[in-house]
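Please open the model in your viewer and keep the selection panel at hand. The stops below are meant to be taken in order, each beginning with something to select.

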Amino acid sequence: MCGIVGYTGGREACPVLLDGLKRLEYRGYDSAGIAVFNDGRVAVHKAAGKLSVLASALDGVQLGGSIGIGHTRWATHGRPSDENAHPHVDCSGEIVVVHNGIIENYLSLKEDLVARGHRFTSETDTEVVAHLVEEAYDGDLAEAVRQAILRLDGSFALAVMCRHEPNLLVAARRHSPLVVGVGSNENFIASDVPAFLAYTKRVHFIEDDTVAVINRTSVEFRGLDGRPIVNNVHEVEWDAAMAERGGYEHFMLKEIHEQPVALRETMRGRLSSEHADVALEGLGLSDEDIRSIDKIVIVACGTAYHAAMAGKYMIERLVRLPVELDVASELRYRDPIIDDRTLALVISQSGETADTLAGLREARRRGARVLAVCNVVGSSVARESGGVLYTYAGPEIAVASTKAYTTQLMVLALIALHFGRVRGALTPDRDADLRRMLWTIPEQADLFLADYGDLIDCAERYHNIGGFLYMGRGPNLASALEGALKIKEIAYIHAEGYAAGEMKHGPIAMIDPTMATVAVSTKGRTYEKVLSNILEVKARMGEVIAVAGRHDEEIAKYADHIIRVPETDELLSPILNALPLQLLAYHVAKFRGHEIDQPRNLAKSVTVE
Ligand code: G6P
């Protein structure tokens, strides 16, 4: 997830671009850059670090020019650095490109381009686009961009300029957001509306596989076949703050709703619609390495630890390797048994959590190979690990983690499938079934998020309850723990997450009408057992909210309220079960009138011990 902007009109471009980028900083903030045309020259300025670093460097510089493009980056390919910051240029420096998305086939494209003599100056996937446009350019930039994108697999929103057509911006998109703002004698390109809301509220929302040809007085759209497309202008009503959150009241709600896209991005290039084998670029482990491991130790904190717990069930069942789990603050002090046949799996959204980093270093010191599951490219965890599998969730702004969690689960499922296959622990049928089900998870997440009105009623009913007990079994013990954590984090209601079978050993004493129980009741190995655990709660006058499958008729006999989620394999169900649990916490907190995105006493990234 990055932010792109473009401007052409009567104003000086640089301040308009910087202003737009500022409003898109929530989409990425590890480096930034702009390119502006003036006097027949393209001036490119870029810098690693927050946008303020670039803005300071440009302070007092007279760039002139009234057309340009800009970018704020959230690294996916290539660490955050000046060289990897956008815009990227072709060999001649005459074609400039900014990009949001992931070009899946960039490695093979790059090999071809290098073989034909192109010189690359960055590690990014984006740079191939500049060189592809250069090859296709024959005096018509829009046509060259169209030809270039025909060769791209993956996702992109692009803005492109060329020195030979100094009044023109060309934009294109596939699976990454892109809007065009229409002003009077000026036009804008952006990843998202807030970038230009201060100048215009008139917007073209662009469909996939569209090329937009923009100058200061006109905007035209073409399809991949080069034919014109009609696209009507819409008038948006949001204020700037609302627009930054995509029309959502809080970042947390926006991020919950971004999960289908984040899950798709995380799957992209790793799993295919043909459901062939899983491809894990960046893994840093050969098949031989995978076969030589005799134990996996997972290190994480907070929500990432809950993802680790579900991962343990996936890996043990599908790979038949023992998995130990540790919160990082324990691992570092407990003298763990780790050696060179151990794989340390380190899970962290930020990649900067102090305890997690210390756990990683401890595992390395003892000879373990380290594989990270991380959301921030170039973070300390990513840099210090032998291999990294990124969760392509984009920046997570709300303190309570949502999309990072579900994408971590997605990566863990991919690891389990890959390792299971390499170690011969998975039958081909089971392997194929799970890959097929994993592939449909983003679609199922979309389906759930399209309609959850009952859940809001449920949140209203319980928002003043004295406490919550969350119970689950198997992989959904992780769901119970994560559901309880979400309620604690933002609703400030005491909640416990418990293994449902353990309720009778203590927590059941707490059951009375002031305590609600959330039972994660997914069909699977222990479904009947969870039903018995629900009966135990009901027998003590406890109210039960069940999270259950769409087609589960049985559950209606047991629970007071049922939140229904699409069905999948039990091992993958924590991904979908996370959605109602996140939303329940969100709406309970909202009914209680809390500050949701920045809850009291918490920090997004805990960089001290
Ligand atoms: C903090 C955040 C949590 C997060 C945990 C681990 O406590 O508030 O949301 O799960 O740190 O963070 P990490 O960045 O390592 O995943």
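The tour goes from the domains to the interface between two of them, then to a buried histidine and to several salt bridges.

**The domains**

Before selecting anything, bear in mind that this is a predicted model. Colour the protein chain by its domain assignment, which gives domain 1 as residues 3–241, domain 2 as 251–449 and domain 3 as 453–591. If you place a marker at the centre of domain 1 and another at the centre of domain 2, each taken over C-alpha atoms, the two markers are separated by 32 Å.

**The interface of domain 1 and domain 2**

Select next the residues at which domain 1 and domain 2 are in contact: 18 residues belong to domain 1 and 15 to domain 2. The area buried between these two domains is about 1,300 Å², and carbon and sulfur atoms give 63% of it. On the side of domain 1, pick out Tyr26, Trp74 and Glu104, which together supply 42% of the area that this domain buries against domain 2, more than any other three residues.

Which residues form the salt bridge between domain 1 and domain 2? The count across this pair of domains is one salt bridge, and if you show the side chains of Glu104 and Arg268 you will find them meeting there, with an N to O distance of 3.8 Å. Glu104 lies in the loop between strand S6 (95–103) and helix H3 (106–115), whereas Arg268 lies in the loop between helix H8 (259–267) and helix H9 (287–292), so the pair ties together parts that are 164 residues apart in sequence. Glu104 counts as partly exposed, at 34% relative accessibility.

Polar contacts across the interface of domain 1 and domain 2 involve two residue pairs, both at pLDDT 80 or more. Highlight H3 and strand S7 (154–162), the elements that give two or more residues to the side of domain 1 that touches domain 2. Colouring that side by residue class shows eight nonpolar, seven polar and three charged residues.

**A buried histidine in strand S6**

Move now to His99, which is found in strand S6 and counts as buried, with a relative accessibility of 1%. What does His99 touch, leaving aside its neighbours within four places in sequence? Its contacts are Cys2, Ile4, His71, His86, Asp125, Thr126, Ser155, Phe156, Ala157 and Leu158. At Ser155, turn on the backbone atoms as well, for the backbone oxygen of this residue lies 3.4 Å from a polar atom of the His99 side chain.

**Salt bridges elsewhere**

A search of the whole structure finds 38 salt bridges, and a few further ones can be visited in turn. Begin with Lys22 and Glu25, whose side chains meet in a salt bridge with an N to O distance of 3.0 Å; Glu25 is buried, its relative accessible area being 14%.

Then select helix H15 (residues 428–449) and show Asp431 and Arg435, which are four residues apart in this helix and thus separated by about one helical turn. They form a salt bridge in which the closest N and O atoms are 3.1 Å apart, and both Asp431 and Arg435 are buried. For the last stop, select Lys295, Glu324, Asp326 and Arg334 together, since salt bridges that share partners join these four residues into one network.

Key
Residues are numbered from 1 along each chain as its sequence is written. This is a predicted model: local features need pLDDT of at least 70, side-chain atom pairs count only at pLDDT 80 or more; totals for chains, interfaces and linings use all residues. Side-chain values use heavy atoms; hydrogens and water are left out. Buried means under 20% relative accessible area, exposed over 50%, partly exposed in between (1.4 Å probe, protein chains only). Domain bounds come from an automatic or database domain assignment. Contact means heavy atoms within 4.5 Å. Buried area is the accessible area (1.4 Å probe) that two parts lose on being put together, summed over both. A polar contact is a pair of N or O atoms within 3.5 Å; within protein, one must be able to donate a hydrogen and the other to accept it, and residues adjacent in sequence count only if both atoms are side-chain atoms. Ala, Val, Leu, Ile, Met, Phe, Trp, Tyr, Cys and Pro count as nonpolar, Asp, Glu, Lys and Arg as charged, and the others, Gly among them, as polar.
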